[in-house]
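Work through the exercises below with the sequence and the model side by side. Try each task before reading its solution.

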Amino acid sequence: MALVIEGEERIAAPIQKVWEALNDPAVLKATIPGCQSLERKSPTEMAATVVVKIGPIKATFNGEVTLKNLNPPNSYTIQGEGKGGIAGFAKGGADVTLTSDGPDATILRYAAKADVGGKIAQLGSRLIESTSKKLAGQFFSTFGEKVGAA
C-alpha cells in the first residue's frame, strides 16, 4: 500500500543552519516521533530504531536511512526501510527542498512516498494515511521549532 505526503514548514533560521540540522543525527533523533536510536554509519547512511503506533498495532522498526541526491544546502532525498517483525515493513523516501525566505528564515518543502506491508497494511489505507500525515507533520513542526529556537 503506497501513499504520498506533501507539505512545507517555515523555519526561523538561515538555510545553512537548517541544512546542518537535517544532517545531524542528534537533531533528527530528537525530532522523529518514536525514534529510539539513530546512529551515523557513514556521511550518507544511518541506522535507526523507531517505535510506531498505528491503531491497535505498536511496532518497533529497525532500519536503514540513506541520504541521496545531495545538493547542499538546497536539497536532498532521504530514503529508508524498516522491518517491524510480524507487524510488517515500511519503506519510503522524501525529497526535501530548502529555500531562503530572507536572511533568517527558510522554507522547507517535502514530498514523501511510503509503502507499508504486513499486518500494518491490513489496518486500512485511511488509518495508515492519517497516521502517516500526523507523524510527518509532527516531525517537521518539531524540527522547525527546535532548529528555529536554537
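The exercises that follow concern a predicted model.

**Exercise 1. Lay out the sheet.**
Task: In what order do the strands lie in the sheet, and which strands stand at its edges?

Solution:
- Step 1. Start from one end of the sheet: strand E1 (residues 2-11) and E7 pair in the antiparallel sense over 10 bridges. One of these bridges joins alanine 2 to aspartate 115 in E7.
- Step 2. Move on to E6, which is joined to E7 by 12 bridges and runs antiparallel to it. Here alanine 94 has alanine 112 in E7 as its bridge partner. In the hairpin of E6 and E7, 5 residues lie between the strands, and glycine 102 takes a positive phi near 90°.
- Step 3. Go to the other end: E2 and strand E3 (residues 45-54) form an antiparallel pair with 6 bridges. Arginine 40 is bridged to methionine 46 in E3.
- Step 4. Put the order together: the 7 strands form an open, antiparallel sheet, E1-E7-E6-E5-E4-E3-E2. E1 and strand E2 (35-42) each have a single partner strand, so they stand at the edges, with one side of each left without a neighbour in the sheet. On average, neighbouring strands are turned by 20° against each other, direction ignored.

**Exercise 2. Place the helices on the sheet.**
Task: Which strands does helix H1 touch, and which does helix H3 touch?

Solution:
- Step 1. Helix H1 (residues 15-22) packs on the sheet with contacts to E1, E4, E5, E6 and E7. Its direction makes about 165° with that of E6.
- Step 2. Helix H3 (residues 125-149) also packs on the sheet, touching E1, E3 and E7. The angle between the directions of H3 and E1 is about 20°.

**Exercise 3. Classify threonine 31.**
Task: Is threonine 31 buried or exposed?

Solution:
- Step 1. Locate the residue: threonine 31 lies in helix H2 (residues 25-31).
- Step 2. Apply the cut-off: buried means under 20% relative accessible area. Threonine 31 has 2% relative accessibility and therefore counts as buried.
- Step 3. List its contacts: leaving out residues up to four places away in sequence, threonine 31 touches Phe139, Thr142, Phe143 and Lys146.

**Exercise 4. Describe the largest pocket.**
Task: Which strand gives the most residues to the lining of the largest pocket?

Solution:
- Step 1. The largest pocket holds about 170 Å³ of space. It is lined by 15 residues, of which Gln79, Gly80, Gly92, Gly93 and Ala94 are the closest to its centre.
- Step 2. At least two lining residues come from each of strands E4 (57-71), E5 (75-83), E6 (89-100) and E7 (106-117). E6 gives the most, with 5 residues.
- Step 3. By type, the lining divides into 3 nonpolar, 6 polar and 6 charged residues.

Conventions:
Residues are numbered from 1 along each chain as its sequence is written. This is a predicted model: local features need pLDDT of at least 70, side-chain atom pairs count only at pLDDT 80 or more; totals for chains, interfaces and linings use all residues. Side-chain values use heavy atoms; hydrogens and water are left out. On a 1 Å grid over the protein atoms alone, a cavity is a set of points where a 1.4 Å probe fits but cannot get out, and a pocket is an open set with protein on both sides within 12 Å along at least five of seven lines; lining residues have an atom within 4 Å of a point. Grid points are joined across faces, edges and corners, and a volume is the space filled by probe spheres set on the points. Helices (H or I, at least four residues) and strands (E, at least two) are DSSP runs, numbered from the N terminus. Ala, Val, Leu, Ile, Met, Phe, Trp, Tyr, Cys and Pro count as nonpolar, Asp, Glu, Lys and Arg as charged, and the others, Gly among them, as polar. Buried means under 20% relative accessible area, exposed over 50%, partly exposed in between (1.4 Å probe, protein chains only). Contact means heavy atoms within 4.5 Å. Two strands pair if DSSP finds at least two bridges between them. Axes are lines fitted to C-alpha atoms, for helices over the stretch in contact, and angles run from 0 to 180 degrees between N-to-C directions.
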